[in-house]
Amino acid sequence: MPHIQLPENVPGIRSLVMYRPDTGKPLYQLAQILLRDDSPLSQAERELIATYVSTQNTCTFCSSSHAAAARYLFQDEAQTVDLVLEDYQNAPISDKLKALLNIAGKVQTDARTVSDEDVQLARSFGANDRDIHDTVLIAATFCMFNRYVDGLATLTPTDVDVYAQMGERMGTLGYVLPTKA
């Protein structure tokens, strides 16, 4: 049960955005920019970074919804998401993405531990300044989103089909303000 009065039966951050559209709008705009707008990283890779950080933060709503979006965007390679969450170092992803996930993980636990060596490793696999910047910002943003969602105890569905629908919506429409439940 949420800690504050939120729209009934509206899960996760959607309920918070409906509660405070004035703060929700810039949060959704930031998610849209980070996860859908132009980037050297694919939309699926960016959703995967968000999923990885949310999983590390044990935010069930965010990890489940963004994993569903990543699966939708990876299409025929949807199983990549689960393999990354199980063991990203041995998952079938590029060394560049592995190095970026390492950076994201350090941002999630203590951003001050991101080292020159971590950044240099990512660069050695082809990461550029934008890749590194966006990875750090996605990781930092999702730490905030995770704490926002869990700190107010928002509704977290248990039905995997609900998340599959969310993932398809996020994968096709992006991050648009909800108008109703």
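User: Which residues of helix 3 meet helix 8?
Analyst: In this predicted model, Arg 46, Ile 49, Ala 50, Val 53 and Ser 54 do so. Their partners in helix 8 are Thr 135, Ile 138, Ala 139, Phe 142, Cys 143 and Asn 146. By class, this contact has seven nonpolar, three polar and one charged residues.

User: What makes Arg 46 and Thr 135 fall into their classes?
Analyst: Arg counts as charged. Thr is among the others, so Thr counts as polar.

User: Why are helix 3 and helix 8 called oblique?
Analyst: Their axes cross at roughly 45 degrees. Angles under 35 degrees count as roughly parallel, and 65 to 115 as roughly perpendicular. The value fits neither range, so helix 3 and helix 8 are oblique to each other. The axes come within 9 Å. Helix 3 covers residues 43–56 and helix 8 covers residues 129–151.

User: What is the hand of the crossing of helix 3 and helix 8?
Analyst: Helix 3 passes helix 8 in a right-handed crossing.

User: Why are helix 4 and helix 9 called oblique?
Analyst: Helix 4 (residues 60–74) and helix 9 (residues 160–173) pack at about 60 degrees. Roughly perpendicular runs from 65 to 115. Helix 4 and helix 9 are therefore oblique to each other. Their axes are 7 Å apart, and the crossing is right-handed.

User: Which residues meet where helix 4 contacts helix 9?
Analyst: Helix 4 brings residues including Phe 61, His 66, Tyr 72 and Leu 73. Helix 9 brings residues including Tyr 163, Met 166, Glu 168 and Met 170. By class, the contact has nine nonpolar, seven polar and one charged residues.

Notes
Residues numbered from 1 in each chain as written. Predicted model: local features only at pLDDT ≥ 70, side-chain atom pairs only at ≥ 80, totals over all residues. Heavy atoms only, no water. Axes fitted to C-alpha atoms, helices over the stretch in contact; angles between N-to-C directions. Helix = DSSP H or I, 4+ residues; strand = E, 2+ residues; numbered from the N terminus. Parallel < 35°, antiparallel > 145°, perpendicular 65-115°, else oblique. Left-handed = near helix turned anticlockwise from the far one by under 90°. Contact = heavy atoms within 4.5 Å.
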